[in-house]
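Colleague: Could you take a close look at one part of this model for me? I'd like to hear about the salt bridges and where their partners sit.

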Amino acid sequence: MVEPSRGQEQVSGLLPGTRRLSRSIEVQQAVKDLILSRRLAAGDPLPTESELMAQLGIGRNSVREALKALQAVGIVEIRHGFGMFVGRMSLTGLVDELAFHSRITMQDERNHLAHLMEIREVLESGLVQRLIDHHRAADVSQVAAVMARMHAEAAAGPVSPETDRLFHEVLYRPLGNPLVGQLLGAFWDVYHQLRDDLGAPDETPYDVARRHGDIYDAVVAGDKAAAIAAMQAHFEGVRCRLARLGRT
């Protein structure tokens, strides 16, 4: 096959009369359409670079540029020596962007981290109510083991970030929604990238364990009002640190 020249490159599926996008964006859309039309799932192999060139009628440089852009957002995974595959969803790019913009607005009235924590608090307040509505206490029994680990850590020193994260991950697992864990994990990652910028926490390790325990106890008891109050108390430490930062 003769590689088409730059002026001859065509991407199938463009409607007559539509405004042409940049070549890379056109190719990206064509690859995404290919994934959807073939009903490919995450981890499934994609055509090779040469096959894409032939199927889409485009040149090698345009294909490579498009694939790099799709790789950056997790739609395509390139494994050198093995080929290309449909990527698995990742919020890494979102985390890095949120952390960066939160850092540059840290002492600004439009503090992105404060807004992000507000969204997380609202989200979790809704999630605990849904947990109470649709699941029995036995469904969150695994949280008891995490609470035991948290209390043990609090007795010896600070509660580890890993245990803190695990509590929220395990608590909402009975909801069966994989996006919950990914979104909360993204919020958690942003916060912990910036935690040193916020200064020392005001609450003691004992307070941290107690506030998590209050959330768990309210869920087990099926008490929505207590669960919401416990969630608000859980985020109070973050709010205090952000307010203190704003006064500096």
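Modeller: Here is a walk through three of the pairs, keeping in mind that this is a predicted model. Searching the whole structure turns up 12 salt bridges. Let's start with Glu49 and Arg60, whose closest N and O atoms are 2.8 Å apart. This one links distant parts of the chain, with Glu49 in helix H2 (residues 49–56) and Arg60 in helix H3 (residues 60–72), 11 residues apart. Glu49 counts as buried because its relative accessibility is 19%, and the cut-off for buried is under 20%. Arg60, at 28%, counts as partly exposed.

Next up are Glu121 and Arg239, with side chains that meet in a salt bridge at 2.5 Å, N to O. Glu121 belongs to helix H5 (residues 112–134) and Arg239 to helix H10 (residues 224–247), so this pair ties together parts 118 residues apart in sequence. Here Glu121 is buried, with a relative accessible area of 14%, while Arg239 is partly exposed at 34%.

Then there's a pair within one helix: Asp207 and Arg210 both sit in H9 (residues 205–221), 3 residues apart, or about one turn of the helix. Their side chains meet in a salt bridge at 3.3 Å, N to O. Asp207 has 18% relative accessibility and counts as buried, whereas Arg210 is partly exposed at 31%.

Back to where we began: Glu49, Arg60 and Arg64 are joined into one network by salt bridges that share partners.

Key: Residues numbered from 1 in each chain as written. Predicted model: local features only at pLDDT ≥ 70, side-chain atom pairs only at ≥ 80, totals over all residues. Heavy atoms only, no water. Salt bridge = Lys/Arg side-chain N within 4 Å of Asp/Glu carboxyl O. Helix = DSSP H or I, 4+ residues; strand = E, 2+ residues; numbered from the N terminus. Buried < 20%, exposed > 50% of the residue type's maximum accessible area, 1.4 Å probe, protein only.
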